[in-house]
Amino acid sequence: MKTRTAIKTVVLILASISLLSGCGEPCPHYNRLQVAAFYGSGTPPTPKPRTAVIPFDTPADVGRPYRPIGFMSCEGSVGEEGGILKAMLYRAADMGADAIILNPPQISQETVELNSQKMNVNVTSGLIGEMIGNSDKRAYRADAILFTTTNSP
């Protein structure tokens, strides 16, 4: 009888640990995001399902009226880009956003010297590849938006 009670106790403890460990962040990088929410007056929007948020590359791609309700950023390596984007989509859904706008790529020219020759190179920055110094770190940014029926905030 004591053995059976001990087994039940162990099973309950393991089940509790399993449940508690699963209640953390919904995906990697979620808690690494730096987030500023700005809803304005009134109540914040209702959170949305995490699969409902639409990513847009530029504001022109949205094609309908919206207002920004938050800004997100995160530093990470090139290999973390997909996970950071997923975390941004999840966080935007939790904020009640309908979509996110990824920072549009910005192209600049830099001069690089190679074997005593100078070359102009186009450098793209934005969600994909905004370098931080000379490291492999990148800055990933996005705006969380809420669709509106008018352009007024």
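Let me start at Ile 54, which stands opposite Ala 99 in strand S4. This is a predicted model, and in it that pair belongs to the contact between S2 and S4, two strands that run parallel and are joined by three bridges. As a reminder for anyone who spends more time at the bench than with coordinates, strands of a sheet pair through backbone hydrogen bonds, either parallel or antiparallel.

Stepping back from that pair, what is the order of the strands in the sheet? There are five of them in an open sheet, arranged as S1-S3-S7-S4-S2, and the pairing is mixed. The edges are formed by strand S1, residues 34–37, and strand S2, residues 54–56, each of which pairs on one side only. From one strand to the next, the twist averages 25 degrees.

For the chain as a whole, there are three helices and seven strands, and reading along the sequence gives the pattern α-β-β-α-β-α-β-β-β-β. Among contacts between residues at least 6 apart in sequence, 75% join residues at least 24 apart.

Now to helix H3, residues 81–95, which lies across S1, S2, S3, S4 and S7, and which runs at about 150 degrees to strand S3, residues 66–77. Which residues touch the most other members of the largest nonpolar core? That core has 22 residues, and the ones in question are Leu 33, Met 72, Met 88, Ala 92, Ile 100 and Ala 144. At least two residues come from each of S3, H3, S4 and S7, while H3 gives the most, with eight residues.

Ala 92 makes a useful example, since one can follow its partners on the screen: leaving aside neighbours within four places in sequence, Ala 92 is in contact with Val 53, Met 72, Ala 97, Ile 100 and Ala 144. There is also a second, separate core of six residues, and among its members are Phe 56, Val 62, Ile 145 and Phe 147. As general background, nonpolar side chains in soluble globular proteins tend to be buried together.

Finally, a word on burial and surface, taken over the whole chain. Of the 153 residues, 29% are buried. The chain exposes about 10000 Å², and carbon and sulfur atoms supply 57% of that area.

To gather this up before we discuss it, I would ask you to keep two items in view: the mixed, open sheet of five strands, and helix H3 lying across those strands while giving the most residues to the largest nonpolar core.

How values were computed
Residues numbered from 1 in each chain as written. Predicted model: local features only at pLDDT ≥ 70, side-chain atom pairs only at ≥ 80, totals over all residues. Heavy atoms only, no water. Pairing = 2+ DSSP bridges. Helix = DSSP H or I, 4+ residues; strand = E, 2+ residues; numbered from the N terminus. Axes fitted to C-alpha atoms, helices over the stretch in contact; angles between N-to-C directions. Contact = heavy atoms within 4.5 Å. Buried < 20%, exposed > 50% of the residue type's maximum accessible area, 1.4 Å probe, protein only. Areas by Shrake-Rupley, 256 points an atom, 1.4 Å probe, with all protein chains shown as cover. Core = buried A, V, L, I, M, F, W, Y, C linked by side-chain atoms within 4.5 Å.
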